[in-house]
Structure formats: structure tokens, C-alpha cells
Amino acid sequence: VKMFSRITTYANDIEIQSAGATIIQLQIAFAGGVIYLDGGWQTLVNGLTAAAQEAGVKILTGKRVTKIENVNNNTSLPWLIHLSDGNTISSQALIMAVGPKDVYDLLKQSLVSSSFLSRMVKAANPVRAATLDIALTTLPKPNVFGVYGVDNPLYLSTHSAFARLTPNGGALIHVMKYLGSSIPSDPKADREELEKLMDLIQPGWRKVVVKERFLPNMVVYNALVSASQGGIYGRPDVKVPGTENLYIVGDWVGPEGLLADASLSSAKRAA
């Protein structure tokens, strides 16, 4: 049960995470499994960008939002967005698709309730993982595609076995350790553990490596759904209380879903 919980929620905090949210995620996984995308997540990014531009969306790149103000003297355009290049954008409605700390940092100087923002950030316990992506010219043991740790929080999947992600004959393997919030991570030891798993499952892999990428402390999603917060219904709603036309969306918002499901559900709710 712990193993399946880790695989479906990515969280390794069975003592504190919501059983209700976990069971729903297990039901979804057992009902249909997952979909691997040819070309990876970039396929979704490109498709979303194209659809947005076709709908008339203006996308600004190479700029960072530094602050958001609530300008009360202009009720038709109450939100003023400050950019890193010194320019500003006025808006009638605002949807923030960022993490809880980013929401707090951008709004803390505005008139938005500071108690709500502080409570939201304090409650957010990020779900993290140490990941090792490995590209190989060939797969040493071609019939072994996946490993799920039972007594250790480890995972290995040859994604290229299920989607077009490499040149012909090549392999792309994702190795991961689920990091619990109560145990400090040790990047050096974690990497060694992931590489030893590869040694066990794909002996000789080091001789055919094209590229490796190790991320020691990656945020998988922004807030663990805990039992103490009231489960999934304890997450903040998309409408920021006490504000006019200010919404938040993301994998930590709203009463539905985990991971990408929560992001899409909260975005639809906000829209």
C-alpha cells in the first residue's frame, strides 16, 4: 500500500498525508494508468502555446513579475503588475499560476489579507524528489522497463519504451527517490543510491551514457494534501478572499485532484 501510494501521489509522507486524497489517486491510477507522451511534456507546452496565441493571448517572455499592486483609485483596472524591465501592466482581472510563496511575495505589499497569505504559505509542505534522468545509446538489458521499491522509496522507468523520446535504439530512463518531508535530503548519498539501482537493473549502463541530469531536491508539487488540513477540501479556493477578480491556480489549489489534475481543475474553475 505504501509503494502504490508513493507511485500515484509522489509523496513519501504516509503518516501525515490525507488518506482520502491518496485513495482517490489510487482509484484513478488503477482505472486507467498513465499516458506517456511522444516528445515528452514539451508536446503539451507547444500545443498550449499555439492554442493560446490562436485565441489572441499575448505571451511575454524574458520578463519577471516583481510586484503586484491593488490600485483602488481605478476600479475598472484594479490590478497593477510590475515587471522586471520597469514596465507595468494594468488589469481588470488577475489569475496567478504560481506557487504559494510566489503569491505571498508578489502580493505582500498590496491590500490583500496578510493573514490569508501567511496561513497559505505556512500550510504548504512541498512534495519533493531526487531525480536522475539518463540517456543511453542502447539499453543493456532490453526487457527490463520498470522497478518499484517496496522497502525503499525508489522508482525506475524506461520512458522511451512507451513513447518516442530518443533516436532509434536509444533509451531514456528516469530514476527517482521520493523524499519525505521529515527526513533531510543528502544529495550525494541520494545520487549514489539511484546509480546503484541502475547498476542492479541495467548493468553496464555507464559505458553507453550520452547524458545525465541529476536534480537533488525537485519540487514535484507545491503542497502535500495532509489529513490535519482537512484533506483536499482544506486547500485554498481559487478566489482569493476579500479581493475583486483575483484568482490563484495550480497543483496546490482547489477541491479536486492532485498533480496536473489539480492544475487543470483549478484553472478551469478560475476561468
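Here are three short exercises on salt bridges, each with a worked solution.

Before you start, know that this is a predicted model, where local features need pLDDT of at least 70, side-chain atom pairs count only at pLDDT 80 or more, and totals for chains, interfaces and linings use all residues. Residues are numbered from 1 along each chain as its sequence is written, and side-chain values use heavy atoms, with hydrogens and water left out.

**Exercise 1.** Find out which parts of the chain the salt bridge between R213 and D133 ties together.

*Solution.* Start with the contact: the closest N and O atoms of R213 and D133 are 2.8 Å apart. That fits a salt bridge (a side-chain nitrogen of Lys or Arg within 4 Å of a carboxyl oxygen of Asp or Glu). Next, place the residues: R213 sits in strand β9 and D133 in strand β5, so the bridge joins parts 80 residues apart in sequence. Strands here are DSSP runs (E, at least two residues), as are helices (H or I, at least four), numbered from the N terminus.

**Exercise 2.** Are K177 and D190 buried or exposed?

*Solution.* First, get the cut-offs straight: buried is under 20% relative accessible area, exposed over 50%, partly exposed in between (1.4 Å probe, protein chains only). Both K177 and D190 turn out to be buried. Their side chains form a salt bridge at 2.9 Å, N to O.

**Exercise 3.** Work out how R191 and E195 are placed in helix α6.

*Solution.* The two are 4 residues apart, about one helical turn. Their side chains meet in a salt bridge of 3.1 Å, N to O. Now check accessibility: R191 is partly exposed at 28%, while E195 is buried at 15%. Finally, look wider: R191 and E195 belong to a salt-bridge network with D199, R206 and E212.
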